[in-house]
2 protein chains.
Amino acid sequence: MASQSKVRYDSYIQENQLKSSKRRDLIFEHILQIQGHFTVDNIYQEISKIDRGIGIATIYRTVKLLVASGVLTEQTFGEKKGWFEIADQKLEHHDHMICTSCGKIIEFHNKVIESNTYQIAKTHRFIIYSHKLEIFGLCNTCQKQ
Amino acid sequence: MASQSKVRYDSYIQENQLKSSKRRDLIFEHILQIQGHFTVDNIYQEISKIDRGIGIATIYRTVKLLVASGVLTEQTFGEKKGWFEIADQKLEHHDHMICTSCGKIIEFHNKVIESNTYQIAKTHRFIIYSHKLEIFGLCNTCQKQ
DNA sequence: TTTAATTTTGATAATAATTATCATTATTAA
DNA sequence: TTAATAATGATAATTATTATCAAAATTAAA
Ligand SMILES: [Zn+2]
Ligand SMILES: [Zn+2]
Ligand SMILES: [Zn+2]
Ligand SMILES: [Zn+2]
């Protein structure tokens, strides 16, 4: 649901007494349409076609705001740059398998891993804010080549 | 055991017909003494005290060689820079809990998570090269403050 | 032990991703 | 309309890393 993201976005702006802006709204709306994972530069390239004159700094600022408000989550996928995606809408968290040959990303959810993650944190009296499991290797297609 | 790292280091140099060097050996020996996680800059600062005149490029080159030879593994811990540590010596893999308040890193190993990680990869016909689970949150000490 | 081929090195330039700065413009509430 | 404040684009600065290249070190052969 896009509405949950909208609530988070609006609430964040309200709670931090920010002003509204055309361009921030445009970036937010555009990001909601994206499926999958993207970088700041990805969105900059795409939005530049619609809104010439937009600066990349505004994309950085907005993406940061969207992460802070819980609309997006950030990953690195083993690289030293940010990869973003819409945050999970339900209670269900998902993790990633990244093919080091073609870059393909496979998403998965595993209840046993989830519960054990929470269990081990509890053992160490650690409060979880977030967690990510990344599996690197070869996807089925790349194995055959 | 330091010897397993030594074998990997020596083998890598031999197999790639590299020449030996005082400074690379010094960096390798120094890194073996380190316990825990470190950055390139950490080692550069430390080794500079012993070996004035060493260049940071040599540290970068050597650390990259040590990762390629299996002596070290690289992590990001949610940051956009490399964190390194001696690779696990036994079959047992370990993961990390990172306190976002004080930076403390807690290591753990969980057999159930491990086996489910391999199981889910198998389901997707994915060959695992490596995997990492990072848990971000508050350590026990920081919760009390 | 000289020589010659090749690797390693340090200094530094280049690159990539991101954040900071700052003058201008936009938004908002009075 | 105005006054206060936030948002913006251009661009400088920062951080982590890699690339370049001439000089020094290593190695095996002569
Ligand atoms: Zn692939
Ligand atoms: Zn995902
Ligand atoms: Zn802590
Ligand atoms: Zn560790």
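Me: In this predicted model, how far is a phosphate oxygen of DNA strand D from an N or O atom in the side chain of Ser20(B)?
Reply: The pair counts as a polar contact if its two atoms lie within 3.5 Å. The side chain of Ser20(B) supplies an N or O atom, and DNA strand D supplies a phosphate oxygen. The distance between them is 2.8 Å.

Me: Which elements give two or more residues to the surface near DNA strand D?
Reply: Both protein chains take part. Chain B contributes through α4 (56-68). From chain A come α2 (22-33) and α4 (56-68).

Me: Which side chain has an N or O atom 2.7 Å from a base oxygen of DNA strand D?
Reply: Ser21(A) is not the answer, as its side chain has an N or O atom 2.5 Å from a phosphate oxygen of DNA strand D. The contact to a base oxygen, at 2.7 Å, is made by the side chain of Lys19(B).

Me: What percentage of the atoms of DNA strand D within 4 Å of the protein belong to sugar or phosphate?
Reply: The surface around this strand has 22 residues, with Lys19(A), Ser21(A), Arg23(A), Thr58(A) and Gly82(B) coming nearest. By class they divide into 4 nonpolar, 7 polar and 11 charged. On the DNA side, bases make up the rest of the atoms once sugar and phosphate are counted, and the share of sugar or phosphate is 72%.

Me: How many charged residues does the surface near DNA strand C have?
Reply: DNA strand C is surrounded by 21 residues, and the closest are Gly82(A), Lys19(B), Ser21(B), Arg23(B) and Thr58(B). Sugar and phosphate account for 70% of the atoms of this strand that come within 4 Å of the protein. The surface has 4 nonpolar and 6 polar residues, and the number of charged ones is 11.

Me: Which residue has a polar backbone atom 3.2 Å from a phosphate oxygen of DNA strand C?
Reply: Two contacts to phosphate oxygens of this strand come from side chains: Ser21(B) at 2.4 Å and Arg24(B) at 2.9 Å. The backbone contact, at 3.2 Å, belongs to Gly55(B).

Me: What relation do chain A and chain B have?
Reply: Chain A can be laid on chain B with an RMSD of 0.1 Å. The operation is a turn of 179° with a shift of 0.0 Å along the axis. That is the relation of a two-fold axis.

Me: Which residue of chain A has the C-alpha nearest the axis?
Reply: The axis is the one about which chain A is turned by 179° to lie on chain B. The nearest C-alpha in chain A is 2.1 Å from the axis, and it is that of Leu133(A).

Me: What is the arrangement of the 4 donor atoms around the zinc ion (ligand 1)?
Reply: The donors are the SG atoms of Cys99(A), Cys102(A), Cys139(A) and Cys142(A), at 2.2 to 2.4 Å. Four donors count as tetrahedral if all angles lie between 85 and 135 degrees. The angles here are 104 to 116°, so the arrangement is tetrahedral.

Me: How many residues apart are Cys99(A) and Cys142(A)?
Reply: The donors of the zinc ion (ligand 1) follow the spacing C-x2-C-x36-C-x2-C along the chain. Cys99(A) is in strand β3 (residues 95-99) and Cys142(A) in helix α6 (residues 140-143), so the pair links distant parts of chain A, with a separation in residues of 43.

Me: Is Cys142(A) buried or exposed?
Reply: Buried means under 20% relative accessible area. Cys99(A), at 1%, counts as buried. Cys142(A) has a relative accessible area of 11%, so it too is buried.

Me: Which residues of chain B coordinate the zinc ion (ligand 3)?
Reply: The site is tetrahedral, with angles of 103 to 115° among its 4 donor atoms. The donors follow the spacing C-x2-C-x36-C-x2-C. Each is an SG atom at 2.2 to 2.4 Å, and the residues are Cys99(B), Cys102(B), Cys139(B) and Cys142(B).

Me: Is Phe77(B) buried or exposed?
Reply: Most residues other than glycine have a negative phi. Phe77(B) has a positive one, near 50°, and is found in the loop between β1 (72-75) and β2 (83-86) of chain B. Its relative accessibility is 5%, so Phe77(B) counts as buried.

Me: Is Arg125(A) buried or exposed?
Reply: Arg125(A) has a positive phi of about 50° although it is not a glycine. Arg125(A) lies in the loop between α5 (111-123) and β5 (127-138) of chain A. At 55% relative accessibility, Arg125(A) counts as exposed.

Key:
Residues numbered from 1 in each chain as written. Chains lettered and ligands numbered in written order. Predicted model: local features only at pLDDT ≥ 70, side-chain atom pairs only at ≥ 80, totals over all residues. Heavy atoms only, no water. Donors = N, O, S within 2.8 Å, 3.2 Å for Na, K, Ca; no water. Tetrahedral: all angles 85-135°; square planar, octahedral: opposite > 155°, others 65-115°. Near = heavy atom within 4 Å. Polar contact = N/O pair within 3.5 Å; in protein donor to acceptor, adjacent residues only side chain to side chain. Helix = DSSP H or I, 4+ residues; strand = E, 2+ residues; numbered from the N terminus. Nonpolar A, V, L, I, M, F, W, Y, C, P; charged D, E, K, R; others polar. Least-squares fit on C-alpha atoms with pLDDT ≥ 70 in both. Buried < 20%, exposed > 50% of the residue type's maximum accessible area, 1.4 Å probe, protein only.
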